[in-house]
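Q: I am new to this structure. Please show it to me, and then let me ask how each term is earned.

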Amino acid sequence: MVQRALHTAGEYRLGRHRGQYVAKYTDGDKDSRIKIGLATTEPEQVAIQVFTNWVHIRTAVLASQQDYSIGDLFGLYVADRERAGKNVSKFQHQWASLRATFQHLQPSAITQPMRVGKIDLTICHKYALERRQAGRARATIHSELNTLRSCLSWAAKHGHILSAPLVWTPKEAKSRDTHLTAVQVMTLLDEARSHHVRLALSIALYTGARKGAILDLTWDRVDLAAGTIQFAIGTDDDDAEDILDSSHKKGRAFVAIHPVLYPVLSFAKSIAQSNHVIEYRGGRVKDIAHAVGRAVKRAGLGGRFIGLHALRHTLATMAADAGTEMRVIQKMVGHDDIRTTEKLYAKHSPSYTLPAAEAVARQLNAAPEKQPDHDNNAIDILVNP
């Protein structure tokens, strides 16, 4: 029996389905329905009001969404992220690669089947294949398409398009944790011939701070008397923060100054010509990648990922090798979520797996005796079966 519509608005009909109020409509020769976010436990009059609002919003979005190409939406997305305090240079760099393929497409074209090789896939598959054939790394391709996905999700959330199409991305690349040996670290420090480069490398090695945090560091946050460095800018008081700041910047740690680093910082402060710890000719250093790269090359260290970040990974890796607790490493490197720390560094800590094996040993030794020839000792049973 066909269910009577509870209310009608244009082409849409309010109905019920599996405990939810739904909007029904005819799409070509097929009947379709969409949940409107309301359970049937709510009164029918409330459902009619929610349904009417839903139809109004959907109609407005459908009327406007054809005006937006993916290029238009990406521009709006970047502008919004910039207003929120995000550093959008990465997005702009990625768009330089995405533009040729996606700029003039409508969002709906993302999921349209197309021939890629000998099978029907999507424009995202085609993009990934072409980028890979051009020699781009898996991590780069994944990041570019993931940014495109974030852009379209943002567009749907803000009503620029009706819904976000599924953006296919390749499997995520294995996390990079490029780190150096003790000999490599010493060689690199020897080849860092500029004072500001050696200072930046030393801070990265003994604090685990990110490049941005090191370059932003000012002397008023280095307390040599107390032996501490506060990498975070501003205050820990949430009420003192700008209520409009939604940038969600990566965590920056509050760390103790190691005795090896202390004289290095003391000397740097004694000759400082500005308030920034990392300075060159009295001015702030905006980027140090090229200077570090020259030291890396002189040290004979290959690999495109060796820089300040490699020193950060070196600290965390050596700490994990020495059996340092993951929570301590997490605080040191400023991860918000310990799962990130464990994903990167647990494999470097052999002792990290011992609690699981210890649980097995305890339960075996506590088990009721099954074999009269043994004294219920798990080691005895394994060694003398």
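A: Start with one pair: Lys24 stands opposite Arg33 in S4. The model is predicted: local features need pLDDT of at least 70, side-chain atom pairs count only at pLDDT 80 or more, and totals for chains, interfaces and linings use all residues. Residues are numbered from 1 along each chain as its sequence is written, and side-chain values use heavy atoms, with hydrogens and water left out.

Q: What makes a stretch a helix or a strand, and how many of each are there?
A: Both are DSSP runs, numbered from the N terminus: a helix is H or I over at least four residues, a strand E over at least two. On that basis the protein chain comes to 15 helices and 11 strands.

Q: How do you know that S3 and S4 pair?
A: Two strands pair if DSSP finds at least two bridges between them. S3 and S4 (residues 30-39) have seven, in the antiparallel sense. The test is met, so they count as paired.

Q: What joins S3 to S4 along the chain?
A: They form a hairpin with two residues between them. Gly28 in that turn has a positive phi of about 70 degrees.

Q: Why does S2 also count as a partner of S3?
A: Five bridges join S2 to S3 (residues 20-27), so the pair passes the bridge test. The two run antiparallel. Within this pair, Arg16 has Tyr21 of S3 as its bridge partner.

Q: What is unusual to look for in the loop between S2 and S3?
A: Look at Arg18, which lies there. Arg18 has a positive phi of about 50 degrees although it is not a glycine. The hairpin of S2 and S3 has two residues between the strands.

Q: Is Arg18 buried or exposed, and what decides it?
A: Buried means under 20% relative accessible area, exposed over 50%, and partly exposed in between (1.4 Å probe, protein chains only). Arg18 has 80% relative accessibility, so it counts as exposed.

Q: Which other residue has a positive phi without being a glycine?
A: Arg281, with phi near 55 degrees. Arg281 lies in the loop between strand S10 (279-280) and strand S11 (283-284). At 73% relative accessibility, Arg281 is exposed.

Q: What makes S1 and S2 partners?
A: Three bridges join S1 (residues 7-9) to S2 (residues 12-17), so they pair. They run antiparallel. Thr8 stands opposite Arg13 in S2. This hairpin has two residues between its strands, and Gly10 in the turn has a positive phi of about 60 degrees.

Q: Why is Ile338 called buried?
A: Its relative accessible area is 12%, so it falls in the buried class. Ile338 belongs to helix H13 (residues 338-345). Contact means heavy atoms within 4.5 Å. By that test Ile338 touches Met326, Arg327 and Gln330, not counting residues up to four places away in sequence. Ile338 and Arg327 are 11 residues apart in sequence and 6.8 Å apart in space, C-alpha to C-alpha.

Q: How do you know that the buried residues of H9 line one face?
A: In H9 (residues 261-270), Leu261, Leu265 and Ala268 are buried. Seen down the axis, they fall within an arc of 60 degrees, so they line one face; the arc is that of the directions from the helix axis to the C-beta atoms. An α-helix has 3.6 residues a turn, so residues three or four places apart point the same way.

Q: What covers these buried residues of H9?
A: The cover includes helix H7 (195-207), strand S7 (222-223) and strand S8 (228-230). S7 and S8 pair over two bridges in the antiparallel sense. Val222 has Ile229 of S8 as its bridge partner.

Q: What is the contact of H7 with H9 made of, by class?
A: H7 and H9 pack at an angle of about 145 degrees, with their axes 10 Å apart. The contact includes Leu199 and Ile203 of H7, and Val264 and Phe267 of H9. By class it has eight nonpolar, three polar and no charged residues. Ala, Val, Leu, Ile, Met, Phe, Trp, Tyr, Cys and Pro count as nonpolar, Asp, Glu, Lys and Arg as charged, and the others, Gly among them, as polar.

Notes: Axes fitted to C-alpha atoms, helices over the stretch in contact; angles between N-to-C directions.
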